[in-house]
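Open the model in your viewer and switch to a cartoon view. Keep the sequence panel at hand. We will go stop by stop.

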Amino acid sequence: MLFCELQDKEVINICDGKCLGCVSDLSFCPDSGRIENLIIPGPGKCFGLCGRDFDLWIPWCKICKIGPDTILVEIEFDKCKHKHTAGK
């Protein structure tokens with residue numbers, strides 16, 4: 001699977017059925033080169049005009065299923081929040 005194919009899929013949390021958004025980036029383990037997290041942009045402030053406070057970093061082990069249109073994950077939303085840093 002190509003990264004651009006992951007970006008086209010919506011990520012759904014099976015715990016509450018909410019759509020979390022689409023994959024914007026990945027994080028890798030520097031030692032092994034394995035994917036560690038899917039990164040999804042968090043909700044925007046002021047209708048998206050003032051940036052965002054956090055991104056969601058979803059551990060690869062929390063992916064339940066990658067389907068043709070969606071990625072199903074099982075996460076606790078608050079544990080996946082990572083402060084958004086500009087330029088990353």
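The stops below run from a hairpin to a sheet and then into the core. Bear in mind that this is a predicted model.

**Stop 1: the hairpin**

Select residues 10-13, strand S1, and residues 19-22, strand S2. The two run antiparallel and are joined by three bridges. Now pick Glu-10; across from it in S2 stands Cys-22. Move along to Ile-12, whose bridge partner in S2 is Cys-19. Five residues lie between the strands of this hairpin. Which residue of the hairpin takes a positive phi? Select Gly-17: its phi is near 75 degrees.

**Stop 2: the other partner of S1**

Keep S1 on screen and add S7, residues 70-73. Here the pairing is parallel, with four bridges between S1 and S7. Click Asn-13 to find one of the contacts across this pair: its bridge partner in S7 is Val-73. Remember Val-73, as we return to this residue below.

**Stop 3: the open sheet**

Next, select S3, S4, S5 and S8. These four strands form an open sheet in the order S3-S4-S5-S8, with antiparallel pairing. Why is one side of S3 and of S8 left without a neighbour in the sheet? Strand S3 (25-28) and strand S8 (81-83) stand at the edges and have a single partner strand each, so one side of each stays free of a sheet neighbour. Look along the sheet: on average, neighbouring strands are turned by 35 degrees against each other, direction ignored.

Zoom in on S4 and S5. Five bridges join them in the antiparallel sense. Select Leu-38 and you will find Ile-58 as the bridge partner in S5.

**Stop 4: the core**

Show side chains now. The largest nonpolar core holds 15 residues. Colour Val-11, Leu-20, Leu-38, Ile-58, Ile-71 and Val-73, which have the most contacts inside this core. Strands S4 (35-41), S5 (54-59) and S7 (70-73) supply at least two core residues each. Which strand gives the largest share? S5 does, with three residues.

**Stop 5: Val-73**

Finish on Val-73, and leave aside residues up to four places away in sequence. Val-73 then touches Val-11, Ile-12, Asn-13 and Ile-14, along with Leu-20 and Ile-58. Add Lys-62, Ile-63 and Cys-64 to the selection to complete the list of its contacts.

Note on methods: Residues numbered from 1 in each chain as written. Predicted model: local features only at pLDDT ≥ 70, side-chain atom pairs only at ≥ 80, totals over all residues. Heavy atoms only, no water. Core = buried A, V, L, I, M, F, W, Y, C linked by side-chain atoms within 4.5 Å. Buried < 20%, exposed > 50% of the residue type's maximum accessible area, 1.4 Å probe, protein only. Contact = heavy atoms within 4.5 Å. Pairing = 2+ DSSP bridges. Axes fitted to C-alpha atoms, helices over the stretch in contact; angles between N-to-C directions.
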